[in-house]
Amino acid sequence: MDNRLISATANEDVTYFVNNSEVTVAPERVELLVDSVSNDAGFNSAMGADAISEVRAEHGSLTRASYELAYMDLVDTKNGNAVVTMGADDALTIYWPMPDDADEDGTFYIVHYTGMDREDLTAEGDLASAANTVERVYPTSGDGHLTFTVKDFSPFALVYERESTGGGGGGGSSRPSRPT
């Protein structure tokens, strides 16, 4: 993943809760935690391949497909990074930096693995049947980011076309940033 941060913005009226409880969390305590999906390179590679397969199944072929992976969570930074959820009608806008090897005129998709979380382990062989959504995303004008809106968090894969001279894909790193 490139050295720029994945970040998020929220409307002022978003309500945050600790772990789906009724205990609210002040917005200034909430941060978006971006981490690697797994410490297992084989699993990450399998998830990337699955994400590309999911995009191809819904949207046709990509000639130079690549991917980046990120596990995202909202956390309460003053409560041991406890997981934070949002109100039923709330959402965040995510800003994912365009990969350095991406064809800026190519197509971009987010595959959100909606049924996965850190407590329930998923095996490589279960990826093909894992619940997910595929959404086409577009670059923002001039700032080098791709944007999409989320209501909940888990693993995400950015699938994209590489430049014809580009390299491979994969990755993810711990990069906290504050939703504003």
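## Close-up views of a predicted model

**Figure 1. Overview of the chain.** One helix and 11 strands make up the chain. The model shown here is predicted. From the start of the sequence to its end, the elements follow the pattern β-β-β-β-α-β-β-β-β-β-β-β. The chain has 180 residues, and 46% of them count as buried. Among contacts with a separation of 6 or more, 81% are between residues 24 or more positions apart. The accessible surface is about 8900 Å², and carbon and sulfur atoms account for 44% of that area.

**Figure 2. The largest nonpolar core, seen around Phe153.** In soluble globular proteins, nonpolar side chains tend to be buried together. The largest such core in this model has 31 residues. Tyr16, Met72 and Phe153 are the residues with the most contacts inside it. Beyond its neighbours within four places in sequence, Phe153 is in contact with Leu32, Met72, Asp73, Leu74, Met86, Leu92, Ile94 and His112. Another core, of 20 residues, lies apart from the largest one. Its members include Met47, Ala51, Met116 and Ala130.

**Figure 3. Ile52 in helix 1.** Helix 1 covers residues 41-59, and Ile52 is found in it. Is Ile52 buried or exposed? Its relative accessibility is 11%, so Ile52 counts as buried. When residues up to four places away in sequence are not counted, Ile52 touches Ala65, Ser66, Tyr67 and Val159. Tyr109 is 57 residues from Ile52 in sequence, while the C-alpha atoms of the two are 9.2 Å apart in space.

**Figure 4. Asn132 in a loop before strand 9.** The loop that holds Asn132 runs between strand 8 (108-112) and strand 9 (133-139). Asn132 counts as buried because its relative accessible area is 18%, and the cut-off for buried is under 20%. Leaving out neighbours within four places in sequence, the residues in contact with Asn132 are Glu54, Val111, His112, Tyr113 and Thr114.

**Figure 5. Asp90, a buried residue with no salt bridge.** Asp90 sits in the loop between strand 6 (82-86) and strand 7 (92-97). Which side chain of opposite charge is nearest to Asp90? That side chain belongs to Lys151, and it is 7.4 Å away. Asp90 is buried and has no salt bridge. The side chain of Asp90 does reach the backbone nitrogen of Thr15, at 2.9 Å. Setting aside residues up to four places away in sequence, Asp90 touches Asp13, Val14, Thr15 and Lys151.

**Figure 6. The salt bridge of Asp76 and Arg29.** Side chains of opposite charge can pair when their charged atoms come close. The structure holds two salt bridges. In one of them, the side chains of Asp76 and Arg29 meet at 2.7 Å, N to O. This pair links distant parts of the chain, with the two positions 47 residues apart in sequence numbering. Asp76 belongs to strand 5 (residues 65-76), and Arg29 to the loop between strand 3 (24-25) and strand 4 (30-35). Asp76 is buried, at a relative accessible area of 1%, whereas Arg29 is partly exposed, at 30%.

**Figure 7. The salt bridge of Asp103 and Arg64.** Here the side chains of Asp103 and Arg64 meet at 3.6 Å, N to O. Asp103 lies in the loop between strand 7 and strand 8, and Arg64 in the loop between helix 1 and strand 5, so the salt bridge ties together parts that are 39 residues apart in sequence. Arg64 has a relative accessibility of 26% and therefore counts as partly exposed.

Methods:
Residues are numbered from 1 along each chain as its sequence is written. This is a predicted model: local features need pLDDT of at least 70, side-chain atom pairs count only at pLDDT 80 or more; totals for chains, interfaces and linings use all residues. Side-chain values use heavy atoms; hydrogens and water are left out. A nonpolar core is a set of buried Ala, Val, Leu, Ile, Met, Phe, Trp, Tyr and Cys residues joined through side-chain atoms within 4.5 Å. Buried means under 20% relative accessible area, exposed over 50%, partly exposed in between (1.4 Å probe, protein chains only). Contact means heavy atoms within 4.5 Å. Helices (H or I, at least four residues) and strands (E, at least two) are DSSP runs, numbered from the N terminus. Accessible areas come from the Shrake-Rupley method with a 1.4 Å probe; for residues, only the protein chains shown count as cover. Lys and Arg count as positive and Asp and Glu as negative; His and the chain ends are not counted. A salt bridge is a side-chain nitrogen of Lys or Arg within 4 Å of a carboxyl oxygen of Asp or Glu. A polar contact is a pair of N or O atoms within 3.5 Å; within protein, one must be able to donate a hydrogen and the other to accept it, and residues adjacent in sequence count only if both atoms are side-chain atoms.
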